[in-house]
Amino acid sequence: MENMEIGLNKKRIAANCVCCNSDNILKSPAILMPFLSDRIFDWKPVCITDEWGLSTIENGMAYCICNSLQCQNCGHLFLDIRFDDNEMNALYSKYRESEYVKLREKYEPGYTQRNKNLDMVTPYIKKVESFLLNYVTLPISVLDWGGDTGINTPFKKDINKFHIYDISNKEVIKEAKKVDIGEALGTTYDLIVCSNVIEHIPYPTEIMLDIRSVMSDKSILYVEVPYELIIQKNDSKKDLYKNKKHWHEHINFYTKNSLKILAANCGFEVIAIKEMKVSSDKEGSPYILQLACRVK
């Protein structure tokens, strides 16, 4: 395919849209949340006082600066910093384990309880299964790409091959088998689940192309991402970058259009895309985007 290389033009500071590769991008100043800047770069926020002796800089709190970017073609909203492999490892090594939780609790009081809640079964899993039953026939073979322990993988009781590929060291549930990248890429599956993953990834094209290589022409890929409130309320607007003033772990905010274009540019035929309300959590996104696609 001529467009299979789109999005692989890696740069430290993004100059192109990571979904459609357009350079028609506008930007606005923002900050990187202190948990990320500390864990990734060991850069802690500081308070500038008179003792610093800075004659041309005002006193106050100093945080890691960045830019909010928005593609004027597909609408994708994203952080300009594209973390490299070492930085991603610094952030996600032992993800949500004790050291991670302790540091995040320091900057974000209350996170410890939120982290415990993440280990519970997703309350909307039945809705996900209902969505997917339009495109798969049980029983099925499943690869959950980035599936953590597998607790929230759909169709857990109707799987004849249940593999999980994940960077964490957590033990998977008894029904599942954890596989490395080699075994995953050496197997084909009926259903590949990539749920709440690509919002974290600097260059999502890479992971989409890797997933494509484990699919046959009969396989279905299910992608789920947060439908962030700033997007959900203004999906077609191209000036949201002006209002996005901070960035955390989710470094990509997908519009329906940008998600569809990302899939298409990676060689997928989009079968369905749907938004679904999943919670009333005002701190996170109460909506998700569901995408089902197959190899073209």
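**Strand pairing, helix packing and cores in the predicted model**

Strands β1 and β11 (residues 246–247) pair in the parallel sense, over two bridges. The model described here is predicted. Within this parallel pair, Leu 32 has Trp 247 of β11 as its bridge partner. On β4 (residues 65–71), strand β1 (residues 25–32) has an antiparallel neighbour, joined to it by seven bridges. Ser 28 is bridged there to Ser 68 of β4. Strand β4 also runs antiparallel to β5 (residues 77–79), and three bridges join these two strands. Ser 68 recurs in this pairing, where it stands opposite Leu 79 of β5.

These pairings belong to an open sheet of five strands. The strand order is β11-β1-β4-β5-β12, and the pairing is mixed. Strands β11 and β12 (252–253) form the edges, each pairing on one side only. In general, strands of a sheet pair through backbone hydrogen bonds, either parallel or antiparallel.

Helix packing was examined next. Two packed helices are described by the angle between their axes and the distance between the axes. Helix α1 (residues 34–41) packs on α2 at an angle of about 115°, and the axes are 8 Å apart. The crossing of α1 past α2 is right-handed. On the α1 side, the contact is made by Phe 35, Leu 36, Arg 39, Ile 40 and Phe 41. On the α2 side, Glu 87, Ala 90 and Leu 91 take part. By class, this contact has six nonpolar residues, two charged residues and no polar ones.

Phe 35 of α1 is also in contact with Arg 104. Arg 104 is located in helix α3. Its relative accessible area is 7%, under the 20% limit, so Arg 104 counts as buried. Beyond neighbours within four places in sequence, the contacts of Arg 104 also include Tyr 111, Arg 114, His 248 and Glu 249.

Nonpolar side chains tend to be buried together in soluble globular proteins. In this model, the largest nonpolar core has 61 residues. Phe 83, Ile 198, Met 208, Leu 221 and Phe 268 touch the most other members of this core. Strand β14 (residues 287–295) gives the most to the core, with five residues. Leaving aside neighbours within four places in sequence, Met 208 is in contact with Leu 221 and Phe 268. Met 208 also meets Val 223, Leu 262, Ala 263 and Cys 266. Another core, of 21 residues, lies apart from the largest one. Among its members are Leu 132, Leu 191, Val 278 and Ile 288.

Some backbone geometry departs from the general pattern. Most residues other than glycine have a negative phi, and most peptide bonds are trans. The bond from Leu 138 to Pro 139 is cis, with omega near -5°. Pro 139 lies in the loop between α5 (125–132) and β6 (140–145).

Arg 96 is not a glycine, yet its phi is positive, at about 65°. The residue sits in the loop between α2 (85–92) and α3 (98–107). Arg 96 has 10% relative accessibility and therefore counts as buried. Asn 196 likewise has a positive phi, near 55°. Its loop runs between β9 (189–195) and α7 (204–212). Asn 196 counts as partly exposed because its relative accessibility is 30%.

Terms used
Residues numbered from 1 in each chain as written. Predicted model: local features only at pLDDT ≥ 70, side-chain atom pairs only at ≥ 80, totals over all residues. Heavy atoms only, no water. Helix = DSSP H or I, 4+ residues; strand = E, 2+ residues; numbered from the N terminus. Buried < 20%, exposed > 50% of the residue type's maximum accessible area, 1.4 Å probe, protein only. Axes fitted to C-alpha atoms, helices over the stretch in contact; angles between N-to-C directions. Left-handed = near helix turned anticlockwise from the far one by under 90°. Contact = heavy atoms within 4.5 Å. Nonpolar A, V, L, I, M, F, W, Y, C, P; charged D, E, K, R; others polar. Pairing = 2+ DSSP bridges. Core = buried A, V, L, I, M, F, W, Y, C linked by side-chain atoms within 4.5 Å.
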